[in-house]
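Reader: Hi! I have this one open on my screen and would love a quick tour. Where shall we start?

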Amino acid sequence: MDRLDLRSDTVTWPTAAMRQAMANAPVGDDVYGEDPTVNELESLAAEMLGHEAGLFVSSGTQGNLIAMLTHCQRGEEAIMGEDAHTYLWEAGGMAVLGGIVPKTLPTDSHGRLSIPQILSQINPLDNHKPRTKLICTENSSGGNNGAAIPLDYFLALRELADTHHLRLHLDGARLFNATTALGIPAADIGRVVDSASICLSKGLCAPVGSVLVGGRAFIAEARRNRKLLGGGMRQAGVLAAAGLLALREMTQRLAEDHATAKQLAEGLATIPHIEINPDVVETNMVFFALHDDAPLTAAQLIAQLKAEHNIWLGGYGGRKLRAVTHYWVQPADVVRCLQAIKDVMNH
Ligand SMILES: *Cc1c(COP(=O)(O)O)cnc(C)c1O
């Protein structure tokens, strides 16, 4: 049985067209700014997100870290959601390497921080206080069922940031999923923020890499910070070649992944002992939980699906599970997954 891997969209391997493009990519020394394929990728990402310039980086974590190091000095404060990837899942890099103080606030069902609450949490200029400098947001919101945050929220944040001389960074690892769900171009949200990072290696199928975008001066400084972190790469065009296809082609098909996620969620809702509300599935993530009276635990369900059906799901602690759809998951795979879960639950 073929493996069906629903743990994350990070498991996507490059397409045949990507491997071909990688083999044939023109390359040069990117630290010298001479890799034509990297330069093309950076320009394309900037254009698609409504910015002047881009920077190819090794990962989403590195993109967010470089953005934060570039926006903030040591002892400055960044406001973000308490469920933000940057806060929870990036090894505390902003604090470890940047001396940046995170201030976390609760978020709503879509991962939005409340605007009045942000306002009340901006520190006054006072020698006792960290200087509030940056607001970080995430779209789609991985901690909130992959919800897509609409444009109006970013416009409201922009107004607040301008009034209070703050910067805005968007962790847009899955921004194209969000804007696909919203039915708007990524640039509509991209141009509202000062910087954004997008991931090429999740649902977009490239093997490696993210792009950070922003203004020309910001990206020039970010390039220095990338070097400082050891992230300057040489003939990285072999990677950027896959990234170009990710941006040109794979961004156009994400609605298919959202449809398979919905199909999975609606199927799960019909299985006894499973708790899920399919209405909250807006993009490619499906979070669900097992009832207390389920015949097996989440860990047992995951182990049996893997052992008996070669289907891989993600555990999310306790009774919670996660399935993420992507390019390598077809509607027939969803049917297979639902049948396998029913089988295992009925042992
Ligand atoms: C995956 C992810 C990142 C980090 O990306 P890596 O490439 O795994 O470092 C950052 N933010 C969000 C929202 C993500 O989903």
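**Two domains and a helix pair**

Author: Let's start where the domains meet: about 1,600 Å² is buried between domain 1 and domain 2, and carbon and sulfur atoms give 61% of that area. Do keep in mind that this is a predicted model.

Reader: Thanks! Which three residues supply 34% of the area that domain 1 buries against domain 2?

Author: Those are Asp9, Asn145 and Asn177, and no other three residues supply more.

Reader: How many residues does the contact take from each domain?

Author: Domain 1 puts in 22 residues and domain 2 puts in 15.

Reader: And how many salt bridges across that interface?

Author: The rule finds 0 between domain 1 and domain 2.

Reader: Ok, I should have asked sooner: where are the bounds of the domains?

Author: The domain assignment gives 9-248 for domain 1 and 253-345 for domain 2. Their centres, taken over C-alpha atoms, are separated by 29 Å.

Reader: New topic, helices. At what angle do H3 and H10 cross?

Author: Roughly 115°, with the axes of H3 (residues 60-71) and H10 (residues 216-228) coming within 9 Å. The crossing is right-handed.

Reader: Which residues make the contact there?

Author: From H3 you have Gln62, Ile66, Ala67, Leu69, Thr70 and His71, and from H10 Phe218, Glu221, Ala222, Asn225 and Arg226. By type, that contact of H3 with H10 has 5 nonpolar, 4 polar and 2 charged residues.

Reader: Nice. What about the backbone: is the peptide bond from Asn139 to Ser140 cis or trans?

Author: That bond is cis, with omega near -5°. You'll find Ser140 in the loop between strand S5 (131-138) and helix H7 (151-163).

Reader: One last thing: what is phi of Ala91?

Author: Phi of Ala91 is near 60°, a positive value in a residue that isn't glycine. Ala91 sits in the loop between helix H4 (85-88) and helix H5 (93-98).

Key:
Residues numbered from 1 in each chain as written. Predicted model: local features only at pLDDT ≥ 70, side-chain atom pairs only at ≥ 80, totals over all residues. Heavy atoms only, no water. Axes fitted to C-alpha atoms, helices over the stretch in contact; angles between N-to-C directions. Helix = DSSP H or I, 4+ residues; strand = E, 2+ residues; numbered from the N terminus. Left-handed = near helix turned anticlockwise from the far one by under 90°. Contact = heavy atoms within 4.5 Å. Nonpolar A, V, L, I, M, F, W, Y, C, P; charged D, E, K, R; others polar. Domains from an automatic or database assignment. Buried area = accessible area lost by both parts, 1.4 Å probe. Salt bridge = Lys/Arg side-chain N within 4 Å of Asp/Glu carboxyl O.
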